[in-house]
Amino acid sequence: MKIDPRNPCPARILLVDDDAGMREHVRRLLLQEHEVVALSDGAAALQAAREQPFDLVLSAVAMPRLGGVELLAELRSDERTKTLPVILLSARAGEEAEVEGLEAGADDYLVKPFSAKVLLARVGAHLRLQRERRAAQAALRESEAKFSIAFGQSPLALTITSVDDGRLVEVNEGFVRLSGYTREEALGRTPEELGLWVEPEARAERFARLRAGERVPNIEARFRVKTGEELTGVIGSALVEINARLCVLSSVIDITERKQMEEALKEADRRKDEFLAMLAHELRNPLAPIRNAAQVLKLLAPADARQQWAREVIERQTQHLTRLVDDLLDVSRITRGKVTLACEPLELSTVIRRAVEASRPLIDARRHQLTVALPPEPVPLEGDLTRLVQVVGNLLNNAAKFTDEGGHIQLAAAQDSGEVVLRVCDNGIGVHADLLPHVFDLFTQADRSLDRSQGGLGIGLTLVRHLVELHGGQVEARSEGPGRGSEFIVRLPAAPATGAAGPEAASDERAPSASRALKILLVEDNVDSAEMMAFFLKLRGHEVRTAHNGPAALEAARTFEPQAVLCDIGLPGMNGYELAVRLREQPAFQRTPLIALTGYGQEEARHRSKEAGFDCHLVKPIEPDALDALLDSLRDAVMPTESASPRTLDVPRSRDRNR
């Protein structure tokens, strides 16, 4: 701890957070200038605050025994600690969460993760404010003259306002510097008359609460200074008595620069999202012809075992790269709260079967032995089938990657006290005790060696945690240490048994429809992708016409009269949206199924394709099984039976990566 000669008495700060890593990180930052008492328990922190003097409390919101909001309530109800500044630390972002924290009585609210600069600035500001408040109160008790000295020398913008008429009784130099008004211009006038508050109704409501004797928390407010410039400040207020006159002492901390930085961060986040969308598009475009080429090799059924081996390598690596792209976009959407679940009644065995099918290529490639143990009776649950399959699949993939070849993986499920419990165990490399609390953190991997033989981006387990929590469940990791394997336990709320066979029972038994050729117009500017997709469709028995741009597609549609159109979005000159609109304007194509093929999977892209007239929006690379099922639906749409509704397209959901 460094001693500041201007402040020879360092502040005493009480830090409480049950996250050991975060607690130690914040403690080290504060120890540079302050004395810090760090605890992991809200109840212990409350006892310490009642027994020892502190200048400020930094408290996490979510803690066992006594959470941050409950600790705050206890501190405010005690005369010894009711004015102690409290800054809440929370991973819950957003204006609503911040307002809730401030309305609960907190002096400030910081969203994890935060920078060291922001933390120290906030702490320093509140400590300065606390020192000034104490100095002002002491000066008021001793004499008005001493109070005036402390008030006038404060680096903060301070005002004293009469409770009776709301007029300014005194302002300090900090206020003069901040507002641009001289002391003579301000005294005797209300902030409304000066036009200080951009939203004067908020000030009126706040002042009324102060007049009623309420303790009003610090808030952010916008101010308009004399030059007309708008600033953002954090305002704190307290009732004081000056010469038997009840007044309001207010302080304003200018945070305009911080707010501008926050806006810059939001803009950077928006640009990041745009970059990720473009990255996914550019990666998916070459993946499509690669996957189709592998499927063509499979359909041609080469006799050469080496060709079969090469095809399987291409398929595995294409699936791996596709999964990396999907995971990267998924974690971005989830962390921004842009993923919603399509919950429905499910049967656990359906989730397990689909997850095992998806993970089987990786498990077999590494020659692992997989053991699956399910309850003898059906286990119902409520959830999003695609996302739950993703949870179990990611855990199986994680076990397969971090277990040496020829290992053993166990997947077990059980129903226990109203919960569905899934366990994925392996005899792999295990997890070191120091890393175990962080295995679900973003970009964390157990093995950080340079060869990166395990692959991956370190986001699979982050997705698992977020998706499980969205379902109202919990996930934990266990390991006895390096070389002793790992165990991941997922707990999900069980659903009451309904006797239903599950959402896919009927579809699993449905036999493929008879092959009837379609006339398909394929519009794709990537020549390799177009040729490979056309070749694949022709092998399936369809008649295919190819166009590489919008005008050529319009001409081909006129002469070819397709029964379905598969169209890329990113076309030169006339994009796919414009082409769809042009086709829909023609009577001959108002009911022709239009299928968008694109590397963009965001909701905005899907919405635009729907508005343009597309019936389906498929993200590259398209899985052959999904494409076959879609073509079956297209046949039913263009060749309806008496019981079928025209143009009802049944797109498979088992691998819908874009929900």
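**Exercise 1.** In this predicted model, find out how many bridges join strand 6 to strand 7, and in which sense the two strands run.

*Solution.* Start with the residue ranges: strand 6 covers residues 157-162, and strand 7 covers residues 168-171. Now look across from one to the other. You'll find three bridges, with the strands running antiparallel. For a concrete spot, pick Thr 161, which stands opposite Leu 168 of strand 7. Next, follow the chain round the bend: five residues sit between the two strands, and together the strands form a hairpin. In that turn, check Gly 166, where phi is positive, at about 75°.

**Exercise 2.** Strand 6 has another partner, strand 10; work out how they pair.

*Solution.* Go to residues 245-254, which make up strand 10. Its pairing with strand 6 is antiparallel and runs over six bridges. Try one of them: Thr 159 has Ser 250 as its bridge partner in strand 10.

**Exercise 3.** Is strand 6 largely enclosed or not, and why?

*Solution.* First, recall that side chains in a regular strand alternate between the two faces of the sheet. Sort the residues by direction: Ala 157, Thr 159 and Thr 161 point one way, while Leu 158, Ile 160 and Ser 162 point the other. Then apply the cut-off for buried, under 20% relative accessible area. Both groups turn out to be buried. That's six of six residues, so the rest of the structure largely encloses strand 6.

**Exercise 4.** Classify Ile 314: buried, partly exposed or exposed?

*Solution.* Find Ile 314 in helix 12, residues 305-335. Its relative accessible area is 32%. Partly exposed lies between 20% and 50%, so Ile 314 is partly exposed. Finally, see its company: with Ile 290 and Leu 297, Ile 314 makes a nonpolar surface patch of about 200 Å².

Terms used: Residues numbered from 1 in each chain as written. Predicted model: local features only at pLDDT ≥ 70, side-chain atom pairs only at ≥ 80, totals over all residues. Heavy atoms only, no water. Buried < 20%, exposed > 50% of the residue type's maximum accessible area, 1.4 Å probe, protein only. Helix = DSSP H or I, 4+ residues; strand = E, 2+ residues; numbered from the N terminus. Pairing = 2+ DSSP bridges. Patch = residues over 30% accessible without salt bridge, like charges linked within 9 Å, V, L, I, M, F, W, Y side chains within 5 Å. Areas by Shrake-Rupley, 256 points an atom, 1.4 Å probe, with all protein chains shown as cover. Salt bridge = Lys/Arg side-chain N within 4 Å of Asp/Glu carboxyl O.
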